[in-house]
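Biologist: I've got this one open on my screen and would like to go through it with you. Shall we start?

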Amino acid sequence: MPEITVDSLLTLLQEKGTRRYGLHDVSQLQHALQAALLAEQEGCGRELIVASLLHDIGHMVHGLGDNPAERGVDDRHEALGHAYLARCFGPEVTEPVRLHVAAKRYLCATEPDYFSRLSPDSVLSLSLQGGPMSDAEVAAFRALPQAEAAVLLRRFDEAAKVKDLPTPPAGHFRVYLEHCLRSEQARS
Ligand code: FE
């Protein structure tokens, strides 16, 4: 498998990100940039900014075509994205990505009005993903080291669907990608 670099990640986002994001009037790239910008504006650490930028990369590395959820198929993009990113990033980046769908199921179980604020395609995918968590699943989720980061990422994900919102270009996030790749290389 070719090595993952900052340039290869930015190219992937830019080339595969032209597809529409779900049923929204934003592209995959705009969605990624909006999520990362929200994380940056909220003062999150570099790892969570990178996780926000790359959280849907699983949609870009599967071969299931556009909107598999519309055909009743769960693309398991959180697992695909996690497996892809685990080749070069540590758990502070990869765990929120892996857990961002679980975080939706968690919030639906624990925040009474969360479900009512979900967009129609999130409601559709929720049913494919297992619906709201049970009490036992909620407890297990809370015990995970990256649970809070995953919930934050989920909130950025939900908010990152604004048509025509100006964002910086993907290159703005290069410094964060470089930092996270370097620190993982130093660790391994
Ligand atoms: Fe998303």
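Biologist: Leaving aside its neighbours within four places in sequence, which residues is A170 in contact with?

Modeller: Keep in mind that this is a predicted model. A170 sits in the loop between helix 9 and helix 10, and it is buried, with a relative accessible area of 3%. Once neighbours within four places in sequence are set aside, the residues in contact with A170 are L10, Q14 and L33.

Biologist: And how far apart in space are A170 and E3, C-alpha to C-alpha?

Modeller: In sequence, A170 and E3 are 167 residues apart. From C-alpha to C-alpha, the spacing of A170 and E3 is 20 Å.

Biologist: On to the metal. Which residues are the protein donors of the iron ion?

Modeller: Along the chain, the donors follow the spacing Y-x9-H-x23-H-D-x100-D. They lie 2.2 to 2.7 Å from the iron ion. With their donor atoms, they are Y21 (OH), H31 (NE2), H55 (NE2), D56 (OD) and D157 (OD).

Biologist: Where do H31 and H55 lie, and how many residues apart are they?

Modeller: H31 belongs to helix 2 (residues 28-41), while H55 is in the loop between helix 3 (46-54) and helix 4 (57-61). Both histidines, H31 and H55, are buried. The pair links distant parts of the chain, H31 and H55 being 24 residues apart.

Biologist: D157 caught my eye as well. Which residue does D157 form a salt bridge with?

Modeller: D157 is one of the protein donors of the iron ion, and at 1% relative accessible area it counts as buried. Its salt-bridge partner is buried too, with a relative accessible area of 4%. The two are three residues apart in helix 9, so about one helical turn separates them. The closest N and O atoms are 3.4 Å apart, and the partner is R154.

Biologist: How many salt bridges does a search of the whole structure find?

Modeller: One of them joins the side chains of R187 and E184, at 2.8 Å from N to O. Those two lie three residues apart in helix 10 (residues 174-187), about one turn of the helix. E184 has a relative accessible area of 18%, under the 20% cut-off, so it counts as buried. Over the whole structure, the search finds 13 salt bridges.

Biologist: Are R155 and E111 buried or partly exposed?

Modeller: The side chains of R155 and E111 meet in a salt bridge at 2.7 Å, N to O. This pair links distant parts of the chain, with R155 in helix 9 (residues 147-159) and E111 in the loop between helix 6 and helix 7 (120-129), 44 residues apart. The relative accessibility is 34% for R155 and 22% for E111. Values from 20% to 50% fall in the middle class, so R155 and E111 are both partly exposed.

Biologist: Which residues are linked in a network of salt bridges with R155?

Modeller: We've already met E111, whose side chain meets that of R155. The network takes in two further names, and R155 is linked in it with E111, D113 and R117.

Biologist: Now the second largest pocket: which helix gives the most to its lining?

Modeller: This pocket has a volume of about 160 Å³, and its lining includes D74, R76, L99 and Q129. By class, the lining has four nonpolar, one polar and five charged residues. Helix 5 (77-85) and helix 6 (91-110) each supply at least two residues. With five residues, the one that gives the most is helix 6.

Biologist: How far apart in space are F141 and L99, C-alpha to C-alpha?

Modeller: F141 is in helix 8 (residues 135-142), and at 3% relative accessibility it counts as buried. Beyond four places in sequence, F141 touches L99 and others, including A102, Y106 and V151. F141 and L99 are 42 residues apart in sequence, and their C-alpha to C-alpha distance is 8.9 Å.

Biologist: Last one. Which residues does Q34 touch, not counting those up to four places away in sequence?

Modeller: Q34 is found in helix 2. Its relative accessibility is 3%, so Q34 counts as buried. Not counting residues up to four places away, Q34 touches V26, A159, A160, K161, V162, L165 and T167.

Notes: Residues numbered from 1 in each chain as written. Predicted model: local features only at pLDDT ≥ 70, side-chain atom pairs only at ≥ 80, totals over all residues. Heavy atoms only, no water. Donors = N, O, S within 2.8 Å, 3.2 Å for Na, K, Ca; no water. Helix = DSSP H or I, 4+ residues; strand = E, 2+ residues; numbered from the N terminus. Buried < 20%, exposed > 50% of the residue type's maximum accessible area, 1.4 Å probe, protein only. 1 Å grid on protein atoms, 1.4 Å probe; cavity = no way out; pocket = protein on both sides within 12 Å on 5 of 7 lines; lining within 4 Å. Points joined across faces, edges and corners; volume = space filled by probe spheres on them. Nonpolar A, V, L, I, M, F, W, Y, C, P; charged D, E, K, R; others polar. Salt bridge = Lys/Arg side-chain N within 4 Å of Asp/Glu carboxyl O. Contact = heavy atoms within 4.5 Å.
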